Amino acid sequence: MWDNNEEDFLMLSGIQHFNFCRRQWALIHIEQQWEENVRTVEGAHLHRKADQPMLREKRGDKLIVRALPVQSRRLGISGICDVVEFVRDSSGVPLAGEEGLYLPYPVEYKRGKPKRNDSDRSQLVAQLICLEEMLMCELSMGYLYYDETKHRVEVPVTEADKVRVKQSLDEMRHYYERNHTPRAKTGPHCQSCSLNVVCLPEMLERKPVSSFIESRLAE
């Protein structure tokens with residue numbers, strides 16, 4: 001059981017990869033493969049602006065903490081929140097070195113613009129679950145900041161959202177413990193994937209090129 005061994009924790013950031021493409025997640029987190037493309041470089045640059053470890057900034061009733069380490073022993077995940085804004089609230093929790101009570105709101109930075117799928121949202125929800133466990137409180141709100149639009153999106157989080165994230169983590173754990181990489185499911189998302197040069201050649205080895213082209217035309 002991973003509760004007593006943090007080395008077996010899954011990376012929290014992996015849930016975004018997993019919900020974008022299960023095979024991409026496995027190539028990165030199980031097979032330890034990675035390829036840079038313009039999107040990953042831009043994303044790294046964006047996160048360097050937010051990731052100033054444990055930097056604290058006080059603005060009135062708000063305490064801003066950057067690059068905050070979080071984890072959930074119950075779910076066996078750990079990672080870093082880009083930014084957590086602690087807002088003074090009578091229903092909040094005490095913080096070391098601060099007067100009053102505060103509620104935390106995670107803020108995840110993303111390059112590009114809001115996506116049609118829930119991959120970004122799932123990462124934010126996982127961060128929120130970690131904060132709930134660590135601070136022993138109940139949370140229902142976070143934010144996604146998109147660099148392309150320069151806009152912060154408020155993300156309400158329900159119990160159903162938390163259940164879906166837990167289900168994804170159970171599936172990730174299942175693949176991870178079996179050391180299993182799912183087969184490729186091609187689609188438009190493959191064009192923006194940093195691992196397409198690693199993923200697609202492997203898929204092509206398993207069947208004729210003509211079969212692959214026919215399957216793409218049928219999509």
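Hi everyone. A strand, as I'll use the word today, is a DSSP run of E with at least two residues, numbered from the N terminus. With that in hand, we can place K62: this lysine belongs to strand β3, which covers residues 62–72. Please keep in mind that we're looking at a predicted model.

Let's stay with K62 for a moment. Is K62 buried, exposed or partly exposed? Its relative accessibility is 26%, so K62 counts as partly exposed. Which residues does K62 touch, once we leave aside neighbours within four places in sequence? Those are E57, E85, F86 and V87. Take V87 from that group: K62 and V87 are 25 residues apart in sequence, yet their C-alpha atoms sit 4.5 Å from each other in space.

Now for the aromatic rings. The model has 4 aromatic pairs. One of them joins Y105 and Y143, with 6.5 Å between ring centres and 55 degrees between the planes, which makes the pair tilted. Where do these two tyrosines come from? Y105 is part of strand β5 (residues 101–110) and Y143 is part of strand β6 (residues 141–146), so the pair ties together parts that are 38 residues apart in sequence.

There's a second link of this kind. Y109 and Y145 also form a tilted pair, at 5.1 Å centre to centre and with 45 degrees between their planes. Because Y109 lies in strand β5 and Y145 in strand β6, this pair ties together parts that are 36 residues apart in sequence.

Back to Y143 for a bit more detail. Its relative accessible area is 16%, and the cut-off for buried is under 20%, so Y143 counts as buried. An arginine joins the picture here too: R152 lies over the face of the Y143 ring, 4.1 Å from the ring centre.

Let's move on to the helices. Two packed helices are described by the angle between their axes and the distance between the axes. For helix α2 (residues 22–29) and helix α5 (residues 159–178), the angle is about 50 degrees and the axes are 11 Å apart. That angle makes α2 oblique to α5. The crossing of α2 past α5 is right-handed.

Which residues meet where these helices pack? From α2 we have R22, W25 and H29, and from α5 we have E171, M172, Y175 and Y176. You may want to find W25 and Y175 on the screen, since ring pairs link them with F18 into a cluster.

That's my tour. Thanks for listening, and I'm happy to take questions.

Conventions. Residues are numbered from 1 along each chain as its sequence is written. This is a predicted model: local features need pLDDT of at least 70, side-chain atom pairs count only at pLDDT 80 or more; totals for chains, interfaces and linings use all residues. Side-chain values use heavy atoms; hydrogens and water are left out. Rings of Phe, Tyr and Trp (its six-membered ring) pair if their centres lie within 6.5 Å; planes under 30 degrees apart count as stacked, over 60 as edge-to-face and the rest as tilted. Helices (H or I, at least four residues) and strands (E, at least two) are DSSP runs, numbered from the N terminus. Buried means under 20% relative accessible area, exposed over 50%, partly exposed in between (1.4 Å probe, protein chains only). A charge sits over a ring if NZ of Lys or CZ of Arg is within 6 Å of the ring centre and within 35 degrees of the ring normal. Axes are lines fitted to C-alpha atoms, for helices over the stretch in contact, and angles run from 0 to 180 degrees between N-to-C directions. Angles under 35 degrees count as roughly parallel, over 145 as roughly antiparallel, 65 to 115 as roughly perpendicular and the rest as oblique. A crossing is left-handed if the near helix is turned anticlockwise from the far one by less than a right angle, and right-handed if clockwise. Contact means heavy atoms within 4.5 Å.
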